[in-house]
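Hi,

Here is the structure I promised to pass on to you. Have a look at it first, and then read my notes below.

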Amino acid sequence: MEKPKLLIVDDDESILLSMKWAFAQEYEILLAGNRQEALEIFKREHPALVTLDLGLPPDARGVEEGFLTLSSLISENPYTKVIIISGQEEKQNALMAIGQGAYDFFCKPVQVEEVSIILRRAFRVHQLESEHRTLQATRAEDSFMELIGTSSQIQQVFSIIEKVAATEAPVLILGESGTGKELVARALHGRSLRKAGPFIPINCAAIPETLLESELFGHEKGAYTGAHTQRKGRIEMADGGTLFLDEIGDLPSSLQVKLLRFLQEHTIERIGGRKEIAINSRVIAATNRDIDQAIRDGSFREDLFYRLGVVKIMVPPLRDREGDIALLSTTFVRKYAEENKKKLLGLTKKALTALSNHKWPGNVRELENRIRRAVIMAQSSKITDDDLELDVVEESGRTTLREARERTDRELILRVLSENNWNLAKSASDLGISRPSLYDLMEKLGIKK
Ligand SMILES: Nc1ncnc2c1ncn2[C@@H]1O[C@H](COP(=O)(O)OP(=O)(O)OP(=O)(O)O)[C@@H](O)[C@H]1O
Ligand SMILES: [Mg+2]
């Protein structure tokens, strides 16, 4: 296997040489003594790892050159792991550098053991991230359209989609507003045998009752005043494909009867028409209403409900999907950062806490909108809780650097362990540490199977 590339940026010859000597076995070493050299090499060689001394010429005593270098490297390639080397007295600067996207830091004098561990861990994270990106890119086509989520709640939805997509059964999708019902409907269509046919949505709540019938069923020329031409309705347009009846709970009762007839006979008549038109389409409906209540109070026909809901899919509210908030947030940050041509590295820890404490009455739509706005508002490299306009409920005061490191360690170790089916020997070797050290770390971090 090729050695990973490590670029060492330092103006101190002796450090360059001793680092080179210590790490040449494991990495392909690239050396740079100033910002310009560093950038040239970086663009040419695309190293996975960089160690960066903040004090570079012409301002070797300050940190300005170092920060400039950091920001050019990161805007060139935000996935590179940059590790800051700082003097004992400049921890504050090192922390600031982490805030601007550096991965970690260590203090002079350089301890080879310590640096070696930090580098290995950084490289492992880099590897995992790039595997993840490749996986996402290759899976995009057969994924659930845009639907993402790793919580067991949403995975259950995926598995129902998987099971019923290829059938002709009508599906009723239930769930609060903004939970992704329309995406589920599109995913069903996209995985069905009808996917080459049209997907025709109609929002039963958004169209006035007087127009809705003609929208659904179409009309013949002269059917009523204003009907100057013949017009096909949505049901007819969906022939050969999927008809998506959104907000079905708002369908007026007069139309409920007509829709029921279509579901039973698979034919329609245009308004003012006399011939029956056979329609071959699959019907998917959705509502955020409490449909049981609507049936009880008589505003929704029970027979129609049974026809539509041969299969029912409940899309869970976002607050119940553990882990999905963070995943969706980072995905939306990436999407909108790209759209707005902003370089953003994600969200601050406080912002993530605020996100996971929020109750999300508007579900995924609310989350997406907040992130979109926050991306536009963001002033620094990470989105803050202020940008999101969310209140922060502090859990336990400020995090120390040690806590932050422990958290990264824990996440990484858990990921590697589960990848390796909790095989300690294999995981230790993947992490570049010995098995006893892994065992100690697990004990210290409270990691248990
Ligand atoms: N699992 C998901 N992954 C990614 N994006 C999602 C997911 N769920 C919802 N969204 C996004 O959230 C927004 C709302 O989704 P959608 O319109 O499907 O919700 P809905 O349940 O139909 O809402 P409403 O009841 O208000 O019509 C859309 O922009 C959609 O792309
Ligand atoms: Mg909708």
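What follows is a quick tour of what turned up, from the domains to the sheets, the ligand and a few backbone oddities.

One thing to keep in mind from the start: this is a predicted model.

**The domains**

The domain assignment splits the chain into four pieces: domain 1 covers 5–139, domain 2 covers 152–316, domain 3 covers 319–388 and domain 4 covers 401–445. To get a feel for the layout, try domain 2 and domain 4, whose C-alpha centres are 51 Å apart.

**Two sheets**

Start with the open sheet that runs in the order β2-β1-β3-β4-β5; its five strands pair in parallel. At the edges you'll find β2 (28–32) and β5 (104–107), and each has a single partner strand, so one side of each has no neighbour in the sheet. From one strand to the next, the twist averages 20°. Further in, β1 (residues 5–9) and β3 (residues 49–53) are parallel partners, joined over four bridges. If you want a spot to zoom in on, Ile8 sits opposite Thr51 of β3.

Another open sheet has five strands as well, in the order β7-β10-β13-β6-β14, and the pairing is again parallel. Its edge strands are β7 (199–203) and β14 (311–314), which pair on one side only. Ignoring direction, neighbouring strands here are turned by 20° against each other on average. Strand β6 (residues 171–174) runs parallel to β13 (residues 282–287), with four bridges between the two. One residue pair to look for is Ile173 with its bridge partner in β13, Ala286.

As background for both, strands in a sheet pair through backbone hydrogen bonds, in either the parallel or the antiparallel sense.

**The ligand**

Which parts of the protein surround ligand 1? There are 18 residues around it, and the closest are Ser177, Gly178, Lys181, Arg365 and Glu368. Sorted by class, that shell has six nonpolar, five polar and seven charged residues. Domain 2 (152–316) and domain 3 (319–388) each contribute at least three residues to the shell. Among the helices, α7 (181–190), α13 (324–339) and α15 (363–377) each supply at least two.

A few polar contacts are worth clicking on. A polar side-chain atom of Glu368 is 2.8 Å from an oxygen atom of ligand 1. The backbone joins in too: a polar backbone atom of Glu182 is 3.1 Å from a ligand oxygen, and a backbone N or O atom of Thr179 lies 3.3 Å from an oxygen atom of the ligand. How much of ligand 1 does the protein cover? On its own the ligand has 630 Å² of accessible area, and the protein covers 85% of that.

**Backbone oddities**

Two cis peptide bonds came up. One runs from Pro57 to Pro58, with omega near 10°; Pro58 is in the loop between β3 and α3 (64–76). The other joins Lys108 and Pro109, with omega about 0°, and Pro109 belongs to the loop between β5 and α5 (112–139).

Finally, take a look at Asn363: its phi is near 55°, which is positive even though the residue is not a glycine. You'll find Asn363 in helix α15, one of the helices that supply residues to the shell around ligand 1.

Cheers

Technical notes: Residues numbered from 1 in each chain as written. Chains lettered and ligands numbered in written order. Predicted model: local features only at pLDDT ≥ 70, side-chain atom pairs only at ≥ 80, totals over all residues. Heavy atoms only, no water. Near = heavy atom within 4 Å. Polar contact = N/O pair within 3.5 Å; in protein donor to acceptor, adjacent residues only side chain to side chain. Areas by Shrake-Rupley, 256 points an atom, 1.4 Å probe, with all protein chains shown as cover. Nonpolar A, V, L, I, M, F, W, Y, C, P; charged D, E, K, R; others polar. Domains from an automatic or database assignment. Pairing = 2+ DSSP bridges. Axes fitted to C-alpha atoms, helices over the stretch in contact; angles between N-to-C directions.
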